[in-house]
Amino acid sequence: MLPPPSITVIEEARVAVPATAALPPKPLRLCALDAQWLTLPLIQSLFIFVDGAGAGNILPFESAVASVRASLADTLARFPPLAGRIVHQPATGDAAIDCTAAGVAGGGSVRFLVAEMDADAARLAGDEKHDVEAFVRLVPTLDAGRLPAETMAAQVTRVRGGLALGVAMHHAVADGRSLWMFLEAWAAACRGDAASGAAAAPTFDRAAIKIPGGEELARAVLRKYAPDLPMAAVAGHLIRPNLSRRTFTITAQNMRRLKQRIADLSPAAQSSAAAAAPPSSFVAVAALAWVSFVHAKYPAGIVSAADEVYLFFFADCRARLDPPPGNHYFGTCISGCLARATARDLLAKNGVGVAAAAVAAEVRRAAEDPLAGWDWMSTVEGVNLDRLVNLAGSTRFRAYEVTDFGWGPPGRTELVTMNQDGLVVLVAGKKGGGGVQASVSLHPAHMNAYKSHFISYFG
C-alpha cells in the first residue's frame, strides 16, 4: 500500500470582513433548527481543479491564491456569519452567532490556509474510488469543540497539474442550500462577475423561523443535545472509520431511463393498466441508492428479509414555513424525513418501484407538514443504523455549475465529511442537463455488491 500523500502548510492567515461591511446590530441567536447541529460533524467540501480541463488555464498558484483570498473577503461582507463565532450566552442559556462589529473586531475572521501536496490533480479528480487520505488533508477542520467556535475555514492547496480548494463550515450556521448560496457568490466574485453584486442579498435573522416555542424551544434543544456548554464536543457515535467511498455519475440519458424503469415498476403501474408518471430525479436516485444498499447488505447477513429498512433525508423548509423566511435565508432550515419498508419488498423484482413510492410519500408529507420532522434526531432515535441509508445533498445543488472561480468548473467536487456506513451524497452532475452525481460511503466488504446493483439499472 502506498503511503498517504504528504502535505505542507505554507501559510496560515486570517481573512477579515472589510471595515465597510454592514454587520448585524446584535448576535444572531440560534433557533431550534440550528441548535441541533451544535455538536454534530461539520460540512467539509472539496473542489479539485485540473489545469486546462475547464474554460481556461488556472492562474499561477500565487495569483490564484491572491484572487481567492481577496474575493473571500469581499464575499464575507455579504455573509458576515461566516466570519463570526458561535458563542455561549450563559445568562439566558442561548447560543448565538456573534458577527456584530464588536464581535468581529474581537477576532472574527476566517482562517485561511495555503498548502502544497504531492498528488496529481487529474488522478484525484478522475478516480471513481476516493483517495480518502488525500481528500481529508485537502480540507481544513474547525476549532468547534468549545464555544466560542469557528464558523468557517478555507484551504487552497497546490497539487500537480492543478489546485484544490477545501471549505469547512459549521452546520449550526449553514445547511446545504446555504453552503451553495455562499460558494456561488464567492466564485462569482473571484471571476469578476459584476452581476453577482446585484444578486439578492442573503438574510440571517433567525426570528424569521417561526416554530412554536420559539426561543425557549431553542434553549431546550441545547440542554438536550449540548448539555455541557460551553463545551460542544463533536458527537462521536455517528462516526465510523475505515469506510470505502465511491462516486457514481448518472448521465441525463441514464437518468431518464431510470425514471421510466421506476415508473414501470411502481405499485400503481403494477396494479393498473394506466401508465405511472416518472418520479423526480431525487426520488429516483434515492430509491435506487436505498435498494442497492439492501441488496449489498442482505447477502452479508446484515439485513434479513423480514427486517424493516430505512432511508433518511432532509427537506428544505424555506418555501413551506408560515410565514416563509424566503429563498435567500442563510441558516439551517431543514426538516427530517424517514421512509420505511421491509427488506423483502425492496429485494423483490419491483423493489425500486416500492422504494420510490415510499420516498415520494415522505416528500409529500414534508410538503404538507414541514415542521413535523424538525426534531430530526428524535426521528431516527431507536432506528438500527445498520439498516439505514442516510441521504444528504440534493439533485438541485449545481455543484459544478456555480463553482467556476475564473478557470472553469472543478474536475471534481465531494463532501469529505462522509463518515457513516450507508451515507449517500447527491449533487447535480458535471454537465448539467439533468445528470446526477451520487457519492457513497459503505463498509468495504459491501461496496462491490452495491456497485454491481446500482449500475445494473443503466445497462
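**Exercise 1.** Is C333 buried or exposed, and what is its relative accessible area?

*Solution.* In this predicted model, C333 has a relative accessible area of 0%. Buried means under 20% relative accessible area, so C333 counts as buried.

**Exercise 2.** Determine how many disulfides the structure holds, and explain why C317 is not bonded to C333.

*Solution.* Begin with the cysteine sulfur closest to that of C317, which belongs to C333 and lies 5.1 Å away. A disulfide requires a pair of cysteine sulfur atoms within 2.5 Å, and the separation of 5.1 Å is therefore too far for a bond. Seen from the other side, C333 is in no disulfide, its nearest cysteine sulfur being that of C317. The structure as a whole holds zero disulfides. As for its surroundings, C317 counts as buried, because its relative accessibility is 2%.

**Exercise 3.** Describe where Q36 lies and which residues it touches.

*Solution.* First locate Q36 in the loop between α1 (32–35) and β3 (43–50). Next consider its accessibility, which at 1% is why Q36 counts as buried. Leaving aside residues up to four places away in sequence, Q36 touches V221, Y225, W374, D375, W376 and M377. For Y225, the C-alpha to C-alpha distance from Q36 is 6.6 Å, although 189 residues separate the two in sequence. For W374, the backbone oxygen lies 2.8 Å from a polar atom of the Q36 side chain.

**Exercise 4.** Compare the span of helix α10 with the expected value, and state how many of its residues are buried.

*Solution.* Helix α10 comprises residues 281–297, 17 residues in total, and reaches 24 Å from its first C-alpha to its last. This is close to the 24 Å expected at 1.5 Å a residue. The helix α10 is mostly covered, with 16 of its 17 residues buried.

Notes:
Residues are numbered from 1 along each chain as its sequence is written. This is a predicted model: local features need pLDDT of at least 70, side-chain atom pairs count only at pLDDT 80 or more; totals for chains, interfaces and linings use all residues. Side-chain values use heavy atoms; hydrogens and water are left out. Helices (H or I, at least four residues) and strands (E, at least two) are DSSP runs, numbered from the N terminus. The expected span of a helix is 1.5 Å times one less than its number of residues. Buried means under 20% relative accessible area, exposed over 50%, partly exposed in between (1.4 Å probe, protein chains only). Contact means heavy atoms within 4.5 Å. A polar contact is a pair of N or O atoms within 3.5 Å; within protein, one must be able to donate a hydrogen and the other to accept it, and residues adjacent in sequence count only if both atoms are side-chain atoms.
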